[in-house]
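Work through these exercises with the structure open beside you. Try each task before you read its solution.

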Amino acid sequence: MPQADRATGDPNEATRDGGPAAAPDEERLSLFVERFAADMVEAGMPRMAARVFGALLSSPEGVLTSAQLSEQLRISPAAVSGAIGYLVGITLVRREREPGSRRDRYRLHPDQWYEALTSRDARLVRWSDTLRDGIAMLGPGTPPARRMAETLEFFDFMRREMESLLSRWRAHREEVFGPAGPRPTDSA
């Protein structure tokens, strides 16, 4: 696997000279989290969920507790809870018990983007079923039904293409990162 440098943005990879990448300072990390969150908000994700996801994504192990998230993002535990609920619901994050503790910690799903996209399939099926009902109710030749039919065809097309795309992604990911995908570096 080729070595990455600082330009890749991957803190888990070595620098161009082969040494370990320097840990980002808190200010730079905060700027990244906020910029990433702004991009995600622009795409439709709620702001707090986007910030929490950015913090988890940029953490060394991809795992943080509620207290750590509250402290890093300077938000309330209630804001963390709401954000985590959203992220768990869209399968980007999973909740797990901290070993030897009653506290939860939150971990990025190992294949977060794959999981998020495949969970969309169930939504597309539900939306397609609703559109079919709408077309039948309005009559297939009406202008609204034609619009619904085009939307239905788009959803069906996306579902068919997504299967092929995700299969190609798995092969590409294995080629680039190996069978288990990228791993966090040791923090020691």
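Two residues are in contact when heavy atoms lie within 4.5 Å of each other. A residue is buried when its relative accessible area is under 20%. The model used here is predicted.

**Exercise 1. Get an overview**

Task: Find how many helices and strands the protein has, and in what pattern they follow each other.

Solution.
- Step 1. Count the elements. The protein has six helices and three strands.
- Step 2. Read along the sequence. The pattern is α-α-β-α-α-β-β-α-α.
- Step 3. Look at burial. Of the 188 residues, 31% count as buried.
- Step 4. Look at contacts between residues at least 6 apart in sequence. Of these, 45% join residues at least 24 apart.

**Exercise 2. Find the buried face of helix 1**

Task: Work out which residues of helix 1 are buried and how they are arranged about its axis.

Solution.
- Step 1. Locate the helix. Helix 1 covers residues 26-42, which is 17 residues. From first C-alpha to last it reaches 24 Å, close to the 24 Å expected at 1.5 Å a residue.
- Step 2. List the buried residues of helix 1. They are Val33, Phe36, Ala37 and Met40.
- Step 3. Look down the axis of helix 1. The buried residues fall within an arc of 105°, so they line one face.
- Step 4. Recall the geometry. An α-helix has 3.6 residues a turn, so residues three or four places apart point the same way.
- Step 5. Turn to the other side of helix 1. Glu27, Arg28, Leu31, Arg35 and Glu42 are exposed there.
- Step 6. Check both ends. At the start of helix 1, a side-chain oxygen of Asp25 reaches to within 3.2 Å of the backbone nitrogen of Glu27. After the helix comes Gly44, with a positive phi near 115°.

**Exercise 3. See what helix 4 packs against**

Task: Identify the buried residues of helix 4 and the elements they pack against.

Solution.
- Step 1. Locate helix 4. It runs over residues 77-89 and has 13 residues. Its reach is 18 Å from first C-alpha to last, close to the 18 Å expected at 1.5 Å a residue.
- Step 2. Pick out the buried residues of helix 4: Ala79, Val80, Ala83, Ile84 and Leu87.
- Step 3. Check their directions. They cover an arc of only 130° around the axis, which puts them on the same side of helix 4.
- Step 4. Find the partners. The buried residues of helix 4 pack against helix 2, helix 3, strand 2 (93-97) and strand 3 (104-108).

**Exercise 4. Describe one helix pair**

Task: Decide whether helix 2 and helix 4 are roughly parallel or perpendicular.

Solution.
- Step 1. Take the angle and the distance. The two helices pack at about 80°, with their axes 8 Å apart.
- Step 2. Apply the cut-off. Angles of 65 to 115 degrees count as roughly perpendicular. Helix 2 and helix 4 are therefore roughly perpendicular to each other.
- Step 3. Name the residues that meet. Met48, Ala49, Val52, Phe53 and Leu56 come from helix 2. Ala79, Ala83, Ile84, Tyr86 and Leu87 come from helix 4.

**Exercise 5. Place two serines**

Task: Find where Ser58 and Ser70 sit, and what each one touches beyond its neighbours within four places in sequence.

Solution.
- Step 1. Start with Ser58. It lies in helix 2 (residues 47-58). Ser58 is buried because its relative accessible area is 17%.
- Step 2. Follow the side chain of Ser58. It reaches the backbone oxygen of Gly54 at 2.9 Å.
- Step 3. List the contacts of Ser58. They are Leu29, Phe32 and Val33.
- Step 4. Move to Ser70. It is in helix 3 (residues 66-73). Ser70 is buried too, with a relative accessible area of 12%.
- Step 5. List the contacts of Ser70. They are Ile75, Ser76, Pro77 and Val80.

**Exercise 6. Examine two positive phi values**

Task: Find where Arg74 and Thr91 lie, and whether each is exposed or partly exposed.

Solution.
- Step 1. Recall the background. Most residues other than glycine have a negative phi.
- Step 2. Take Arg74. Its phi is positive, about 55°, although Arg74 is not a glycine. Arg74 lies in the loop between helix 3 and helix 4. It is exposed, with a relative accessible area of 74%.
- Step 3. Take Thr91. Its phi is also positive, near 60°. Thr91 is in the loop between helix 4 and strand 2. At 24% relative accessibility, Thr91 counts as partly exposed.

Terms used
Residues are numbered from 1 along each chain as its sequence is written. This is a predicted model: local features need pLDDT of at least 70, side-chain atom pairs count only at pLDDT 80 or more; totals for chains, interfaces and linings use all residues. Side-chain values use heavy atoms; hydrogens and water are left out. Helices (H or I, at least four residues) and strands (E, at least two) are DSSP runs, numbered from the N terminus. Buried means under 20% relative accessible area, exposed over 50%, partly exposed in between (1.4 Å probe, protein chains only). A polar contact is a pair of N or O atoms within 3.5 Å; within protein, one must be able to donate a hydrogen and the other to accept it, and residues adjacent in sequence count only if both atoms are side-chain atoms. The expected span of a helix is 1.5 Å times one less than its number of residues. The arc is that of the directions from the helix axis to the C-beta atoms. Axes are lines fitted to C-alpha atoms, for helices over the stretch in contact, and angles run from 0 to 180 degrees between N-to-C directions. Angles under 35 degrees count as roughly parallel, over 145 as roughly antiparallel, 65 to 115 as roughly perpendicular and the rest as oblique.
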